[in-house]
Amino acid sequence: METIFSGIQPSGTPTIGNYIGAMKQFIALQEEYNCYYCIVDEHAITVPQDRLKLRKQTKSLAALYLAVGLNPEKSTIFIQSEVPAHTQAAWIVQCNIPLGELERMTQFKDKSSKSGRTSVSAGLLTYPPLMVADIILYQSNLVPVGEDQKQHLELTRDFVDRFNNKYSNGEPILTLPEVKIPKFGGRIMSLQEPTKKMSKSDTNQKGFISMLDEPTVIRKKLKSAVTDSSGVIEYDVENKPGISNLLTIFSSFSGESIENLVARYAGAGYGTFKDELADAVIAVMEPIQERYNDLLTSDELTTILDNGALAANTVANKTLRKMKNAVGLGRK
């Protein structure tokens with residue numbers, strides 16, 4: 001069985017875009033692959049964090065992983081900082097990646113150009129090697145990511161090729177991962193600016209729907225979603241990005257194809273469409289929210305994360321030993 005690794009930062013409650021593009025896919029993948037799903041809290045501290053809030057968000061995200069349907073008997077669910085091999089392997093990765101490659105990473109270029117290189121942390125520059133370490137420690141065959149993360153996977157593949165060519169004697173030390181991009185729903189857009197990706201960090205609260213938004217809030221945000229003046233429900237991303245985005249969301253939550261939705265709502269108008277879209281989203285989110293709240297008040301979550309950390313450490317340490325031996329660290 002091939003192995004999959006994926007991680008989400010606990011930098012806030014995931015949006016329905018995160019659910020459609022990542023978490024929903026995780027459920028299906030655990031039936032076919034050996035899956036490692038991580039809460040990457042060490043990535044989160046590349047920017048300043050409140051320590052108590054970070055811990056709360058880490059626990060919250062772990063609960064959401066389980067609430068959406070991840071099964072700890074089929075997937076290993078763990079917190080990144082509870083597996084020290086991640087940062088240890090990241091140092092070896094950093095020492096085998098040229099500085100120029102890191103400076104070309106899109107997120108570092110964007111944030112350093114806006115804030116100035118002297119004001120961003122060194123961690124912002126070196127967090128891609130930590131991401132590489134996350135992936136290679138589990139000998140991952142596939143990594144499900146959105147389009148915006150492809151560059152990091154290319155960095156990972158380049159590193160694995162370089163490392164194996166330099167240090168292995170015949171048998172590769174590290175597995176070369178493949179990128180797995182969702183065929184549908186991989187990029188859900190803002191409800192207020194439908195040419196921009198939906199983000200939990202959006203200053204406009206109407207632009208995104210949080211997975212923990214109450215049903216009345218979900219309905220209100222969808223009713224105020226930007227569309228256009230035509231009133232015609234059709235899928236045309238270039239000319240009608242707003243309604244096209246809502247059709248993608250509706251299809252993802254209802255399981256009905258976009259073509260069927262377009263035919264069903266022909267002539268119905270945006271009001272009816274948005275109202276029934278809200279019904280579809282709420283029907284999926286309410287049971288997830290109920291399960292989430294149950295997990296936060298039980299010992300089940302703690303037990304699952306303890307077991308996940310134990311399993312992840314066992315696998316990660318095995319790969320780390322191979323890497324340390326390859327580069328000559330330690331006495332043996």
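Mentor: Let's start with a yardstick: the expected span of a helix is 1.5 Å times one less than its number of residues. Keep in mind that this is a predicted model.

Trainee: Okay, how many residues does helix H3 have, and what span should they give?

Mentor: H3 runs over residues 51-67, so its 17 residues should span 24 Å, and the end C-alpha atoms are indeed 24 Å apart. At the N-terminal end, Asp50 acts as a cap, with a side-chain oxygen 3.1 Å from the backbone nitrogen of Leu52. Just after H3 comes Gly69, which takes a positive phi of about 125°.

Trainee: Which residues of H3 are buried?

Mentor: There's a list of them, including Leu54, Gln57, Thr58, Leu61, Leu64 and Tyr65. Hang on to Tyr65; we'll come back to that residue.

Trainee: Let's try another helix. How do I read which side of H8 is buried?

Mentor: Here's the general idea: an α-helix has 3.6 residues a turn, so residues three or four places apart point the same way. Now the case here. H8 covers residues 150-167, and its 18 residues reach 26 Å from first C-alpha to last, close to the 26 Å expected. Its buried residues are His152, Leu153, Leu155, Thr156, Phe159, Val160, Phe163 and Asn164. They sit on the same side of H8, because they cover an arc of only 155° around the axis.

Trainee: And which exposed residues are on the face turned away from that buried side?

Mentor: Asn165 and Lys166. Lys166 counts as exposed because its relative accessibility is 56%, and the cut-off for exposed is over 50%. To place Lys166 in space, take Glu73: the two are 93 residues apart along the chain, and their C-alpha atoms are separated by 37 Å.

Trainee: Now the interior. How do I read a nonpolar core?

Mentor: In soluble globular proteins, nonpolar side chains tend to be buried together. In this model the largest nonpolar core has 57 residues, and Tyr65 and Ile249 touch the most other members. Helix H12 (residues 270-296) supplies the largest share of this core, 11 residues. There's also a second, separate core of 40 residues, with Phe78, Phe108, Met131 and Ile136 among its members.

Trainee: Back to Tyr65, then. Which residues is it in contact with, leaving aside neighbours within four places in sequence?

Mentor: Gly7, Ile8, Met23, Phe26, Tyr37, Cys38, Ile39, Leu70 and Ile77.

Trainee: Cys38 is on that list. Why do Cys35 and Cys38 not bond to each other?

Mentor: A disulfide is a covalent bond between the sulfur atoms of two cysteines. For the assignment, the sulfurs must be within 2.5 Å. The sulfur of Cys35 is 13 Å from the closest cysteine sulfur, in Cys38, so that's too far for a bond. The structure holds 0 disulfides. Both residues are buried: Cys35 has a relative accessible area of 0%, and Cys38 is at 0% too.

Trainee: One last spot: where is Thr13 found?

Mentor: In the loop between strand E1 (3-8) and helix H1 (16-29). Thr13 is partly exposed, at 26% relative accessible area. Not counting residues up to four places away in sequence, Thr13 touches Leu64, Lys200, Ser210, Met211 and Leu212. Leu64 is one of the buried residues of H3, which brings us back to the helix we began with. As for Asp294, Thr13 is 281 residues from it in sequence and 17 Å from it in space, C-alpha to C-alpha.

Conventions: Residues are numbered from 1 along each chain as its sequence is written. This is a predicted model: local features need pLDDT of at least 70, side-chain atom pairs count only at pLDDT 80 or more; totals for chains, interfaces and linings use all residues. Side-chain values use heavy atoms; hydrogens and water are left out. Buried means under 20% relative accessible area, exposed over 50%, partly exposed in between (1.4 Å probe, protein chains only). Helices (H or I, at least four residues) and strands (E, at least two) are DSSP runs, numbered from the N terminus. The arc is that of the directions from the helix axis to the C-beta atoms. A polar contact is a pair of N or O atoms within 3.5 Å; within protein, one must be able to donate a hydrogen and the other to accept it, and residues adjacent in sequence count only if both atoms are side-chain atoms. A nonpolar core is a set of buried Ala, Val, Leu, Ile, Met, Phe, Trp, Tyr and Cys residues joined through side-chain atoms within 4.5 Å. Contact means heavy atoms within 4.5 Å.
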